[in-house]
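Me: I am new to this structure. Please walk me through the terms used for it and the reasons behind them.

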Amino acid sequence: MTELASAPGERASDSNGAAITPINHWIDGSPVPGTSGRTAKVFNPATGRQSGAVDLASVEEVDAAVQSAKTAFASWRGVSIAKRAELMFNIRELVHDRKEDIARILVAEHGKVLSDAMGEVTRGLEVIEFACGIPTLLKGEFSEQASTGVDVYSIRQPVGVVAGITPFNFPAMVPMWMWAPAIACGNTFVLKPSEKDPSASIFTAELLKEAGLPDGVFNVVHGDKVAVDALLEHPDVSALSFVGSTPIARYIYETGTKHGKRVQALGGAKNHMIVLPDADIDMAADAAVSAAYGSAGERCMAVSVVVAVGDAADPLVAAIQQRLPKITVGDGLDPTSEMGPLVTREHRDKVAGYLDSGAAQGAKIVADGRESAPAGDGFFLGVSLLDDITTEMDAYRDEIFGPVLGVMRVGTYDEALKLINDNPYGNGTAIFTRDGGVARQFQFDVEAGMVGINVPIPVPVAYYSFGGWNQSLFGDSHIYGPEGIHFYTRGKVVTSRWPDPATSSVDLGFPQTR
Ligand code: NAD
């Protein structure tokens, strides 16, 4: 958790006199300053300076947000589908128009470069656009004359108050994965964003209000474990979506389901990219570099391990190595930067530690990001490449979540496949080959939720669903797309008959349709 800062309401300044912005909750359509007496520091990762102090909610503040959502649910669920769709279109227009403003907020608190931040908002926007189709998505089924004079039909209704708990690495997109379908389905929402980069959620709340969303339908409470536990235990929260690291995802799933909630909890990842000897090596190297170092490796779909099969290894490592010096690392607002800093100093130092442990455990450091990192107080680490990693090394076993790519050399496709299927995670994976038969076999065999064939970061488009297997997902439902609509609704089946004296009689037998 982020270290505690000054008391709430106190408009502090840093050692250079720069203002530190208080970041409040958003409850019932308005910003609400925290009253818990606890705040956390928010940094600009490119400068290393504190820029904000975010309120950390108490149990009472979480309850206020849930009560607002509960009250709003009573009327929101009755708003016509046509009106809800119209609102989603309004939201879509506003988010589209303010895309760059959102992206700049992401750069300021997360550190990713502006072009990447724009990409994040665009991918989130796709989920909002999908949710604009809610009239079609909520269509039920109808069976006329299931029995004589009897019709049967199914409808899907919203579940109630839904909570979303989100990670630092996509502060706009991952919440959009949740609130857009949840609200379109007729639920009301309480978002608990990452306390490391919380401002995008408040900007989103303002946009939703401007779009015409009624107060209380979307609320934001900032916080740490206190706020999360309050949501997990709250009797008026019906369903909970979580995206974050695996240990917390497991905890969320176990605690939320124990309290009777519907839970989808997406966890961490260790994504492997297999490169076969027949692959286009330049294409594979471009893909590995893009997927390993984009967003400084802080993506759950980042490629973390390249598995080079047979003769692919030497030319592939050489091709990757050749590309690394050209990557410009710097402030995300500098248009020449391709990779920004890491989110916090602690995380940067942890990621850098894998270079030491990798070398000590026998890996070869081909590129050392500590040497190429820009000078200054920003949380920078340059691109790093470890060759000859093995399954025993920390750099292989842990999700590094930084710009460190490992190369593992294996002899055969079967060894590469086994490596992936033995790994505890199962989020994304990719194979690079010209052999369609092998690629098709890989798609059949591999134990991962999202597969790329000559595609490095196979994040599904909005009309499919996103989710991993094994310890990358706890719960049954993937997120957004059709599974998202299913998760945020519950089914009801109606059997109906209209009075017809000709068919009415007393019959104590079990109803039959024939
Ligand atoms: P995290 O698990 O530390 O935090 C996620 C959320 O949980 C935050 O809102 C945080 O405040 C809260 N949290 C943290 N510790 C908690 C605790 N002890 N009890 C209750 N709540 C707690 O994750 P992060 O560092 O913000 O994000 C990076 C992780 O998220 C990586 O592991 C990454 O793979 C994962 N991630 C997964 C996906 C996916 O779709 N599978 C997508 C994005 C990120």
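**Pocket and sheet**

Reply: Start with the lining of the largest pocket: by class, it has 20 nonpolar, 11 polar and 10 charged residues. The model is a predicted one.

Me: Why does Gly244 count as polar in that lining, and Lys196 as charged?

Reply: Both residues are among those nearest the pocket's centre. Gly is placed with the polar residues and Lys with the charged ones, so the two fall in those classes. Phe168 and Ile248 also lie nearest the centre. Phe and Ile count as nonpolar.

Me: What makes a residue part of the lining?

Reply: A lining residue has an atom within 4 Å of a pocket point. For the largest pocket, 41 residues form the lining. Its volume is about 1100 Å³.

Me: Which element gives the largest share of that lining?

Reply: Helix H9 (246-258) is one of the elements giving two or more residues. H9 gives the largest share, 5 residues. Helix H8 (225-233), strand E11 (237-243) and helix H12 (345-360) also give two or more.

Me: How do you know that E7 and E21 pair?

Reply: Pairing needs at least two bridges, and 9 join these strands, so they pair. E7 covers residues 150-158, and the two strands run antiparallel. In one bridge, Arg156 has Gly491 of E21 as its partner.

Me: Why are E6 and E21 called edge strands?

Reply: The open sheet has 3 strands in the order E6-E7-E21. Strand E6 (141-147) and strand E21 (489-497) each pair on one side only. From one strand to the next, the twist averages 25°.

Key: Residues are numbered from 1 along each chain as its sequence is written. This is a predicted model: local features need pLDDT of at least 70, side-chain atom pairs count only at pLDDT 80 or more; totals for chains, interfaces and linings use all residues. Side-chain values use heavy atoms; hydrogens and water are left out. Helices (H or I, at least four residues) and strands (E, at least two) are DSSP runs, numbered from the N terminus. Axes are lines fitted to C-alpha atoms, for helices over the stretch in contact, and angles run from 0 to 180 degrees between N-to-C directions. On a 1 Å grid over the protein atoms alone, a cavity is a set of points where a 1.4 Å probe fits but cannot get out, and a pocket is an open set with protein on both sides within 12 Å along at least five of seven lines; lining residues have an atom within 4 Å of a point. Grid points are joined across faces, edges and corners, and a volume is the space filled by probe spheres set on the points.
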